[in-house]
Amino acid sequence: SVSVDRELADVFLEEARAMARLTHENVVRVYDVGVVDTRPYFVMEYLTGKPLSQRISLGALPVTLAARLMLQLSSGVDAMHRIGMVHRDIKPDNILLSSNSQRCHLLDFGLAGVADKDDDKRRKVSGTIGYIAPERLKGYPADYRSDWFSVGCVGYEMLTGNRAFESFAKNMGGPKNLFGTESGNWAGVPDALRQLIIGMLDTAPEQRTTDVELIRMKLDHVIADSTVDAGQKT
């Protein structure tokens, strides 16, 4: 439970109740929401595993595994968006891998918010430097497009072992220039997957790749092509 003022408590409870309506295999479950002695609380699913950040610290993930995890993450994020929620802090520390690293769950909804609410507490810049969409740094509220920017950052990090952005200044730069196909970080990454990530990192939200069906289709193709290539090498 947490100790907060009445207005923040109401926001907390509203968001927790919204999450409790969501059942998805790649999003941690919220089982119960309530108040004890004026302190709001929620009960979450108990999961075991390790944060994605721990796995990335060992180096870039194989392309097929990275694409599969990104597909799972995209599905979970889309499920949140469908109930009107935005996460606002998607990053490797908030993604839990199973013990065999084949499955992931999206965690930590402490910064989650209801989309399009006219509320100063939700409109402030919250999240983690290096994963925050540029428009949010300019003062615009979080929406589903800003979450997809963060997913793109996670995808880049899985594929290269490096963070896409390290500072507010770089967040305001142009990913198309920073992550061109000639970059050594992309060695071994299929062009289709590179272009997908670059599209998700577009600094203009209206031009950013945010169509979940398109994202799924491209990831499915990468996984299928990688499986065929692996089979031909054996």
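Select helices H6 and H9: they pack at an angle of about 145°, with their axes 8 Å apart. Helices here (H or I, at least four residues) and strands (E, at least two) are DSSP runs, numbered from the N terminus. Axes are lines fitted to C-alpha atoms, for helices over the stretch in contact, and angles run from 0 to 180 degrees between N-to-C directions. Two packed helices are described by the angle between their axes and the distance between the axes.

The model is predicted, so local features need pLDDT of at least 70 and side-chain atom pairs count only at pLDDT 80 or more, while totals for chains, interfaces and linings use all residues. Residues are numbered from 1 along each chain as its sequence is written, and side-chain values use heavy atoms, with hydrogens and water left out.

**Stop 1: H6 against H9**

Keep both helices on screen. H6 and H9 make a left-handed crossing; a crossing is left-handed if the near helix is turned anticlockwise from the far one by less than a right angle, and right-handed if clockwise. To see the contact (heavy atoms within 4.5 Å), show Trp 148, Phe 149, Val 151, Gly 152, Gly 155, Tyr 156 and Leu 159 on the H6 side, and Leu 193, Ile 197 and Met 200 on the H9 side. Eight of the residues in this contact of H6 with H9 are nonpolar, two are polar and none is charged. In this count, Ala, Val, Leu, Ile, Met, Phe, Trp, Tyr, Cys and Pro are nonpolar, Asp, Glu, Lys and Arg are charged, and the others, Gly among them, are polar.

**Stop 2: H9 by itself**

Now select residues 191–200, which form H9. Seven of the ten residues are buried, so H9 is largely enclosed by the rest of the structure. Buried means under 20% relative accessible area, exposed over 50%, partly exposed in between (1.4 Å probe, protein chains only). The buried residues of H9 are Leu 193, Arg 194, Leu 196, Ile 197, Ile 198, Gly 199 and Met 200.

**Stop 3: Thr 209**

Move along the chain to Thr 209, in the loop between H9 and helix H10 (212–233). Thr 209 has 16% relative accessibility and counts as buried. Leaving aside neighbours within four places in sequence, Thr 209 is in contact with Trp 148, Leu 196, Gly 199, Met 200, Leu 214 and Ile 215.

**Stop 4: H6 against H3**

Return to H6 (residues 144–160) and add H3 (residues 63–82). Their axes come within 10 Å and cross at roughly 165°. H3 and H6 are therefore roughly antiparallel to each other. Angles under 35 degrees count as roughly parallel, over 145 as roughly antiparallel, 65 to 115 as roughly perpendicular and the rest as oblique. The crossing of H3 with H6 is right-handed.

On H3, show Val 63, Ala 66, Leu 69, Met 70, Leu 73, Ser 74, Val 77, Asp 78 and His 81; they meet Tyr 144, Asp 147, Trp 148, Val 151, Val 154, Gly 155, Met 158 and Leu 159 in H6. The residues of this contact of H3 with H6 comprise twelve nonpolar, three polar and two charged.

**Stop 5: Leu 65 and Ser 101**

Staying in H3, select Leu 65, which counts as buried at 12% relative accessibility. Not counting residues up to four places away in sequence, Leu 65 touches Ser 101 and Gln 102. Measure in the viewer from Leu 65 to Ser 226: their C-alpha atoms are separated by 9.8 Å, though the two are 161 residues apart along the chain.

Next select Ser 101, in the loop between S5 and strand S6 (104–106). Its phi is near 65°, a positive value in a residue other than glycine. Ser 101 is buried, with a relative accessible area of 8%.

**Stop 6: Arg 88 and Met 85**

Arg 88 lies in the loop between strand S4 (85–86) and strand S5 (95–97). The phi of Arg 88 is near 80°, again positive in a residue other than glycine, and Arg 88 is buried at a relative accessible area of 9%.

In strand S4 itself, select Met 85. Met 85 counts as buried at 1% relative accessibility. Met 85 and Ala 18 are 67 residues apart in sequence and 7.7 Å apart in space, C-alpha to C-alpha.

**Stop 7: the cysteines and the whole chain**

Select Cys 104, buried at 2% relative accessibility, and then Cys 153, buried at 0%. A search of the whole structure finds zero disulfides (pairs of cysteine sulfur atoms within 2.5 Å).

Finally, show everything. The chain has ten helices and seven strands, and 50% of its 234 residues count as buried. Among contacts between residues at least 6 apart in sequence, 67% join residues at least 24 apart.
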